[in-house]
Amino acid sequence: MQETEGYRAPTRRRKRWYYGWTIVAVLSVISFAGGVETNPVLGVFQGPMTEEFGWTRFIYTMPMSIGSFMGGIASLIVGPLMDRYGSRIIMTVAVALMGLTFVLMGAVQELWHHFALQILGRTVIASTFFMVIGVVIPKWFIVMRGRAGALANLGQRLGQIGFPIMVERILTFGTWRSAWVAMGVTVWASSLLPALLFLRRTPEDHGLLPDGVDIRDASQRRRVAAVQAEVSFDRRMALRTPAFYLIAGAVSIQSFVTTSIHFHWFSYLTDLRGESGEQLISSAVAVASVSLSPLISMPVSIAAGVAAERWPVQRLMAFSYFFMALSIVVFLFTDTALLSYVFGLLFGASTGILFTVMNIIWADYFGRDSIGGIRGMVSPVHMLCNSLGPLTAAWSFDVTGSYFLIFVISAVLSGVGGTLVLLARRPLLTDR
């Protein structure tokens, strides 16, 4: 084939590594570090710290709730910044602050120390770690968005498996102070350099389009056209669609439910007493139940990511809500080690689907160009519900002496969330 001006004949060469997969790996490592400031880990610290300082569970939980809401407000700024400048500097600073927060938690002596540090930690994680995968992955993938998002989320699952076990073992043989410090050092060691060295803004900055499509390769013109045909809504357009509010309502419900369960899961199981007052479920069984959830969610999330590339993401998301409601019903009647493990598997499967498709549905419905800004608009309400979940559950326990009522409400809300998702019709060009 002859070469003409502006066109070079394709030659046989080894297929280039698509840098998007490097982005996936780095985000997985970062999400692993983010697992330290998640509710399953914070819930394990609740018992020893409230016992030593004489705090109520409501007081222990309050700064995490305040920080979560503040992180939602901060997302209004962070989301658009990620769209415009990328996530490298933002996530490097976030990782540094998260590690520092945990190291300093090991020196807490007063209630205000706990408040200051946990408000900072939850603000950081809510405005950055919770959002980065859902903002960055859609910019690098369209066709393979489902599997890429699922793989990027695996790190958080590993963190949710390893960190509660790590904390429980340190508490058994050491102190809660050394456990906090160990968490902070792990954050720095695992994620600080990967975030700084390898995160990039968009594939277009490297002469590529999502999924590795090479703009300069004439043989990929059809794929280039297909990628460029993706419709993107800006924030003002998204606000005019019913789907935006229905999905926002559903994910806010999810945030309330999953945070209340995750935060108080360990305490709920270890609080269970028999008729003679004996502890029914040991701390080792409880932490194993907590860790089973992310363990099963890893293969489930990958399967959900692949399925989302073939089936309507709306139906997958609705199914996960209804399945979660069923799992919470099982939780209400859990009083043995076996049922503890069963609940861990069921709840992990439901969240494995939900957390994967929840990141996908925003990009599938509204495109990738303004995804950070769109998700940032939802984040204040989303994170308000995130903050109210653990706090409401703690208040319910302090008032009634039981988690039964709040977990019944959580099961009902999960069913409501699934219904909202089913009503969320995918917006069309005419909806803008």
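This is a short tour of the enclosed cavities in a predicted model.

**Stop 1: the whole chain.** Show the full model with its helices drawn. Five cavities of 30 Å³ or more are counted here. The tour visits the largest and the second largest.

**Stop 2: the centre of the largest cavity.** Select Phe130, Gln156, Phe355, Met358 and His382. Among the 31 residues that line the largest cavity, these five lie nearest its centre. The volume of this cavity is about 540 Å³.

**Stop 3: the helices around the largest cavity.** Colour α1 (19-34), α2 (39-53), α5 (111-140), α6 (145-173), α10 (242-271), α13 (337-366) and α14 (371-400). Each of these helices supplies at least two residues of the lining. Which of them gives the most? That is α5, with seven residues.

**Stop 4: the lining by class.** Keep the lining of the largest cavity on screen and colour it by residue class. The lining has 16 polar residues, 13 nonpolar and two charged.

**Stop 5: the second largest cavity.** Select Ile133, Gly134, Ile137, Pro138, Arg145, Gly149, Ala150, Asn153, Thr356, Asn359 and Ile360, which line the second largest cavity. The elements that give two or more residues to this lining are α5, α6 and α13. The cavity has a volume of about 50 Å³. Coloured by class, its lining divides into five nonpolar residues, five polar and one charged.

**Stop 6: both cavities together.** Leave α5, α6 and α13 on display. These three helices each supply at least two residues to the lining of the largest cavity, and each gives two or more to that of the second largest.

Terms used. Residues are numbered from 1 along each chain as its sequence is written. This is a predicted model: local features need pLDDT of at least 70, side-chain atom pairs count only at pLDDT 80 or more; totals for chains, interfaces and linings use all residues. Side-chain values use heavy atoms; hydrogens and water are left out. On a 1 Å grid over the protein atoms alone, a cavity is a set of points where a 1.4 Å probe fits but cannot get out, and a pocket is an open set with protein on both sides within 12 Å along at least five of seven lines; lining residues have an atom within 4 Å of a point. Grid points are joined across faces, edges and corners, and a volume is the space filled by probe spheres set on the points. Helices (H or I, at least four residues) and strands (E, at least two) are DSSP runs, numbered from the N terminus. Ala, Val, Leu, Ile, Met, Phe, Trp, Tyr, Cys and Pro count as nonpolar, Asp, Glu, Lys and Arg as charged, and the others, Gly among them, as polar.
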